[in-house]
Amino acid sequence: MMTIRLKLTLWYSAVVSLTLIAFSFILYTFLSYSMVQEIDRELTGRAVGVARSIKVVGANWFRQQQIVLPDVDVFGYPNTYLQVVDPYGRLVAKSSNLSHQSLPLSEDTLKRGATGQSFYEWLQVGDQKIRTYNYPLVAEHRVVGLLQVGQPFSGIQAALNRLKWLLWLLSGLMILVAATIGWWLARAALRPVEEITKTAALIRQDLNLHQRIPHRGPNDELGRLSGTLNGMLDSLETAYRELEESHAAQRRFVADVSHELKTPLTTIRGNIDLIRKMGDEHPAIRQEALADIASEAQRMSRLVSDMLVLARADAGLTLILQPLPVAQIIEQVGRQAKILAGDVHFIMNIDECCDRAFIMADPDYVKQLVLILLDNAFKFTPPAGTVELAVTCSMDGVQVLVKDTGMGIEGSESAKIFERFYRSDKSRPVGGTGLGLSIAKWIAQQHGASITVESELQKGSVFKVTFSAVSEKHGQENERACSTI
């Protein structure tokens, strides 16, 4: 399997290779073209110099028109060949460095020369390549000959060939160096990734979610990756901790449920055994045993009902809310609370502004929420104490307050009383399942309401639930009525 480091090195080497090949090709082509252009300029200059020295002698009675050529060797160089031919291709003059040879002449060259236009061409003489400039000689508006100036290209070609091999050699060395540097750069760039991999492997091996990926470099892509992974580890650590707490709460929940069910079941079994032994001999004791069985059965029924509500909450139950009048719901709760109050003095105060106040609510669950708070207040308030249910309404919302003069709650326990099955040592003699306030908190959350508690030992507690008011036709009337308060 090809590693990322090798891929980066190959890509880097490929880019450098293509760049060097393109540069070498352009350099070789440019130098080759420039040298050919330089040769062409030299050939043109020498051809013009020779042409200026040629004289044409006109015809008379004794002789025909003839061309008087200068000594071409005067214009020649060791590597420059000069040759003059007539319109029929017959050799008229040539430079001495041609010796017994002559420049090749084709029919096509003669035809092009006859047009009077000069031109360049390549000639192949044996193994030697010659660049030739053909310059027509014109007298009295007609071509009387063709001057050929040639220069061998073998020396320049040899230099170009050496340059070509030098470029190939240097390109190969540069590619090798680039591959080495690319490998080193890829290793340096991917070193943080290796550290991330090692840290992740250690975290997986040791399950140490407290460990973080160290990063001391700039806030580049790898820096942001490290930050993102560290943030993910923070979230995983939090989720793992919450999962552990959830498991602990679940185990505690099962233990508490088992304990809560064990007591009434023990009582029921004991009373049943007692009734079986006595038969019908002691009717009074039998009635007391049956009353205990009924009481414990009701207690178990309440526990199962509360557990069912919490199970629905855990399953993601969503309540269906509708606009409901606040005063009507509270009055219904107040009538039921008077029955539950017993010897405790119960007071209910509803703000006049609440007659026109509406909230989005599920009527059954809102009643259950307020009754849970009232039931707790009645339980922890002595017979001489007072429990008050107060409702205030304003444009900011609807507040339901349950005040009592009971034993109060310690400050350290205020945040725990909404946990499932939580009961302080002082509250255990009173009884209860410890699920009521958990259900109350869930109902408040389902209604988008907040529930808070303020308490002082031996002075009492105040539970406050705040709902949002509905801005409909009834809510608008409520706002106009409350704006003057």
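These are my notebook entries on what I looked up in this structure.

**Entry 1: the whole chain**

I began by reminding myself that the model is predicted. I then counted elements and found 9 helices and 14 strands in the chain. The chain has 485 residues, and 35% of them count as buried. I also looked at contacts between residues with a separation of 6 or more, and 61% of these join residues 24 or more positions apart.

**Entry 2: the disulfide**

How many disulfides does the structure hold? I found 1. Cysteine 354 is joined to cysteine 393, with an S to S distance of 1.9 Å. I traced where the two partners sit: cysteine 354 is in the loop between strand 9 (345-350) and strand 10 (358-361), while cysteine 393 belongs to strand 11 (residues 386-394). The two cysteines are 39 residues apart, and the pair links distant parts of the chain.

Which hand does this disulfide have? The torsion about the S-S bond is about 110°, so I noted the disulfide as right-handed.

Next I checked whether the cysteines are buried or exposed. Cysteine 354 is buried, with a relative accessible area of 0%. Cysteine 393 has 6% relative accessibility and counts as buried.

**Entry 3: salt bridges**

I reminded myself that side chains of opposite charge can pair when their charged atoms come close. The structure holds 6 salt bridges, and I looked up some of them.

I started with arginine 46 and glutamate 42, whose closest N and O atoms are 3.9 Å apart. How far apart are these two along helix 1? They are 4 residues apart in helix 1 (residues 4-53), which means about one helical turn separates them. Arginine 46 has a relative accessibility of 17%, so I wrote it down as buried. Glutamate 42, at 31%, counts as partly exposed.

I then turned to arginine 90 and aspartate 86, which meet in a salt bridge at 3.0 Å, N to O. Arginine 90 is exposed, with a relative accessible area of 52%. Its partner, aspartate 86, counts as buried at 12%. I liked this pair for its opposite words: arginine 90 is exposed, and aspartate 86 is buried.

I also looked at lysine 459 and glutamate 456, where the salt bridge has an N to O distance of 3.4 Å. Is lysine 459 buried or exposed? I found lysine 459 exposed, at 56%. Glutamate 456 is partly exposed, with a relative accessible area of 44%.

**Entry 4: two helices that cross**

My last lookup was helix 7 (residues 363-379) and helix 8 (residues 436-446). Their axes come within 9 Å and cross at roughly 145°. The crossing of helix 7 past helix 8 is left-handed.

Which residues meet here? On the helix 7 side I listed Tyr365, Gln368, Leu369, Ile372, Leu373 and Asn376. On the helix 8 side I listed Gly436, Leu437, Ile439, Ala440, Trp442 and Ile443. Sorted by class, the contact of helix 7 with helix 8 has 9 nonpolar and 3 polar residues, and no charged residues.

**Looking back**

I would point a classmate to two places in this predicted model. One is the link from cysteine 354 to cysteine 393, and the other is the left-handed crossing of helix 7 and helix 8.

Terms used. Residues numbered from 1 in each chain as written. Predicted model: local features only at pLDDT ≥ 70, side-chain atom pairs only at ≥ 80, totals over all residues. Heavy atoms only, no water. Axes fitted to C-alpha atoms, helices over the stretch in contact; angles between N-to-C directions. Left-handed = near helix turned anticlockwise from the far one by under 90°. Contact = heavy atoms within 4.5 Å. Nonpolar A, V, L, I, M, F, W, Y, C, P; charged D, E, K, R; others polar. Salt bridge = Lys/Arg side-chain N within 4 Å of Asp/Glu carboxyl O. Buried < 20%, exposed > 50% of the residue type's maximum accessible area, 1.4 Å probe, protein only. Disulfide = S-S within 2.5 Å.
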